[in-house]
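Let's take a walk through a protein together, one piece at a time. Keep the picture open beside you as you read.

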Amino acid sequence: MSIDAIQKAVDPELLTPEEMLRRLDEANERTQEEISAWLNANGPGEIERTLIRTLIDTLPDYLFVKDTKSRFVIVNQPLATDRGFDRASDLIGKTDFDIHPTEFAQRTWDCEQSVMQTGVPAIDIEERLTTSEGKTKWLSTTKIPLRDPHGTIIGVAGVSRDMTERKQAELLRNGQNHILEMVASNASLQDVLRALAMFAESQLDGILVSILLLDPKNQTLYHGAAPSLPESYWRPLEGTRIGPAVGSCGTAAYSRRQVIVPDITVDPLWRDYRDLATAHNLRSCWSAPIMSHSGEVLGTFALYSRSVRAPCPSEISLIETSSRVAGIAIERQRDHMQIAHLALHDSLTGLPNRTLLLQRLDEALARAKATGRGVTLAFVDLDNLKLINDTLGHATGDLLLTTLAGRMADCVRASDTVARIGGDEFVLLFADHARSRAPITAKIEALQRALGEPVEIDGQRRQVTASIGLASYPGDGDTPQTLLMNADAAMYRAKELGRNNCQVFTAEITSAAQERYELQEGLRSALANHEFSLVYQPQVDLASGRIFAAEALIRWQHPTLGMVPPSKFIPVAEACGLIVPIGEWVLRTACAQAKSWQKEGTEPIGISVNLSARQFAERNWVARVSELLEETGLEPHWLELELTESLIIKDVPLAVATMRQLRTMGVQLSIDDFGMGYSSLNALKSFPVARLKLDQSFVREIPNNRSDSAIAITVISLGHELNLKVIAEGVENASQLRFLREHGCDEAQGYFLSKPLRAEEIETLLRNANR
């Protein structure tokens, strides 16, 4: 039914519904009669041709038939329209050479001639062409040979389907993958961003890409990549500060959103920059912020067009995709730079670490050897930082460290180096100075004054001192390792002389350093060579006089140095990490000996073993204690581990958790050298310990020293208030013992009661005590 027929048949304002239906039926009958008359007049052949033409012109695909010379014989309207022709008939008789660039036309000719000569169809071949509007179009084309009734090939028929969107998506994925491969292979950020910009430009016609990077400190933009924009455009924009009206890019970075400017000449955002843009024939700019995964603005990605217009959906999509890829590349480079920085710098202070120090020292020595100048190392150890960490916590210690690191950096020239090489150890490298020490002496004095100034933290003034050792080229060594070792040795000498002073390396210091080295090397083989032994000092209950336990004490019989006292080798073992295997040997041997005494029929006594901080920090320490007890057969309640205050308060929650695991196992715990540390009473209440050990430094002068006597009485009273036993160590005479008994001390040990004894002497002592 035609629209005219319906309109003539119906007047809704005058007709009833029944009348309206009757008129519609009559109009429909007349329309059917008109169609029948048209069919009778034109015949089936013409009808078929008309319907076919209508059909092929309605389809969006290109349809065509060509003769043996590749001249168009049949063409549908979509193909003609895309080639810039009003009517499909205008293409009849033409070839691709008449309507396409020569290169494309030649490929088309070669393909069609091959199809007609071989009779083999060309299926789904990809073709790229440019439409009359200048847009790129991708086609998937199939061409088959066209035969007459006798089978002779008389031409070629073809259909081309628009696959531009699919092809662009494919090219986009491939391009993104290529860029990401560049990122993964650590290509430079400049190369990655340039490749990304060129790829984006290849996807769009008449578009120019700009990638800008944001300096987070100054909030300014600087050049990243703009392969098609002239330097005369982007150079003047270097260092532009972002803001609410700073072109498309500055505004996008500031507002953290896309900024679309269709017409630069009239948009107020471009007021300060439109002259520069128009001078370079730039008319529109669409920009998006480049964001990190955490939401930080890293820069901007922008598309420029030389025409006044807004972006199409595909261009918006490309901006969004490309800005994400750019974000990945920028973050990867930033992470890579951060990793490289961390490999050569201390993470807390930002100062160079040992690796970078040795590199710079090697370079400084090479220059000094060539110029005849001097090089000096100052090895600085902060004397009481550990005390501050233990008493006030590591957060306070870290703040103090960073403050003092800044002061040290202020004391040197830009050409010198301050490095942190350990927890409280720093090295200052003074390069390219006169070979006399006079200029260095003045710098060290300034350094000592700077470090000695109090640091205010949380409203309180904290102060540290420093022990400093100096070693210079050429007199004290000509290699980085030698100079560093000798400066370290001089620093140790400063500590031995009371700390808070500076010592210059000498030959005598070399011998002391050599001794430490020999001790360290000797310790490495001492266990294997069975050079260690244990002695045991009885611990006595002061109320009954009974021996209730013995403390295991290590001795080292060096093959050439003779008997080395623990005070000399234990610090070396702690420093080089050998204290862990040595401590395990002590624990195993002591537990085995206590079990052996029990098997010999003597009265069972406990065995007390000192525990080092390094052992206590071992991840599997509790399990290892359990294994050693099972291995030796000693019941856990006969073992007591002595822990120092400083060991516990490094990390009170972790220490308490470990101690509770040991107590659950049945192992006894005590706090050794109590009174020497700075435990808070609140923390002490949470420690699952059985006894406090009063340090011998407070026992030595009692009862004559009023201060030591007061401290001893306080510790004894405190222990009893907490339901803990108190044992005094270092009891050397009768007056000390009498004082301790009078003030309620529970237990004691020391030479007045018994010197440390060999295992067989302890056994004899226990047997005699049982008689």
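Our starting point is helix H9, which covers residues 247-255. Helix H9 lies across five strands: S6 (207-215), S7 (220-225), S9, S10 and S11. Compared with the direction of S10, helix H9 runs at about 30 degrees. Keep in mind that you are looking at a predicted model.

Now turn to the sheet itself. Its 6 strands follow the order S8-S7-S6-S11-S10-S9, they pair in the antiparallel sense, and the sheet is open. Which strands stand at the edges? They are S8 (240-241) and S9 (259-261). Each of these has a single partner strand, so one side of each has no neighbour in the sheet. Further in, you can follow S10 (residues 284-291) alongside S11 (residues 297-305), an antiparallel pair joined over 8 bridges. To find your place in this pair, look for Cys-285, which stands opposite Tyr-304 in S11.

Next, let's visit helix H5, which spans residues 102-118. Here is a small check you can follow yourself. At 1.5 Å a residue, the 17 residues of this helix should span 24 Å, and the C-alpha atoms at its ends are indeed 24 Å apart, so the expectation and the model agree. Several residues of H5 are buried: Phe-104, Ala-105, Thr-108, Cys-111, Glu-112, Gln-113, Val-115 and Met-116. What do these buried residues pack against? Their partners are strand S1 (62-67), helix H4 (96-99), strand S3 (122-130), strand S4 (136-147) and strand S5 (153-162). Just after H5 comes Gly-119, with a positive phi near 75 degrees.

Another helix to find is H23 (residues 652-665), which holds Thr-658. Is Thr-658 buried or exposed? Its relative accessibility is 10%, and because buried means under 20%, Thr-658 counts as buried. Setting aside neighbours within four places in sequence, Thr-658 is in contact with Phe-616 and Val-622.

Finally, let's look at charged side chains. How many salt bridges does the count come to? The count comes to 37. One of them joins Arg-373 to Asp-432, with 3.1 Å between the closest N and O atoms. This pair links distant parts of the chain, since its members are 59 residues apart: Arg-373 sits in the loop between helix H12 (354-371) and strand S12 (374-382), while Asp-432 belongs to strand S14 (residues 425-433). Arg-373 is partly exposed at 33% relative accessibility, and Asp-432 is partly exposed too, at 43%.

A second salt bridge brings Asp-381 and Lys-495 together, with their closest N and O atoms 2.5 Å apart. Asp-381 is in strand S12 and Lys-495 is in helix H16 (residues 480-496), so this pair ties together parts that lie 114 residues apart in sequence. Both Asp-381 and Lys-495 are buried.

A third example is the salt bridge between Glu-761 and Arg-758, at 3.7 Å from N to O. Glu-761 has a relative accessible area of 28%, so it is partly exposed, and Arg-758 counts as partly exposed at 46%. Salt bridges can also share partners, and in this way Lys-66, Asp-96, Glu-112, Glu-127 and Lys-143 are joined into one network. You have met Glu-112 before, among the buried residues of H5.

How values were computed. Residues numbered from 1 in each chain as written. Predicted model: local features only at pLDDT ≥ 70, side-chain atom pairs only at ≥ 80, totals over all residues. Heavy atoms only, no water. Helix = DSSP H or I, 4+ residues; strand = E, 2+ residues; numbered from the N terminus. Expected span 1.5 Å × (residues − 1). Buried < 20%, exposed > 50% of the residue type's maximum accessible area, 1.4 Å probe, protein only. Contact = heavy atoms within 4.5 Å. Pairing = 2+ DSSP bridges. Axes fitted to C-alpha atoms, helices over the stretch in contact; angles between N-to-C directions. Salt bridge = Lys/Arg side-chain N within 4 Å of Asp/Glu carboxyl O.
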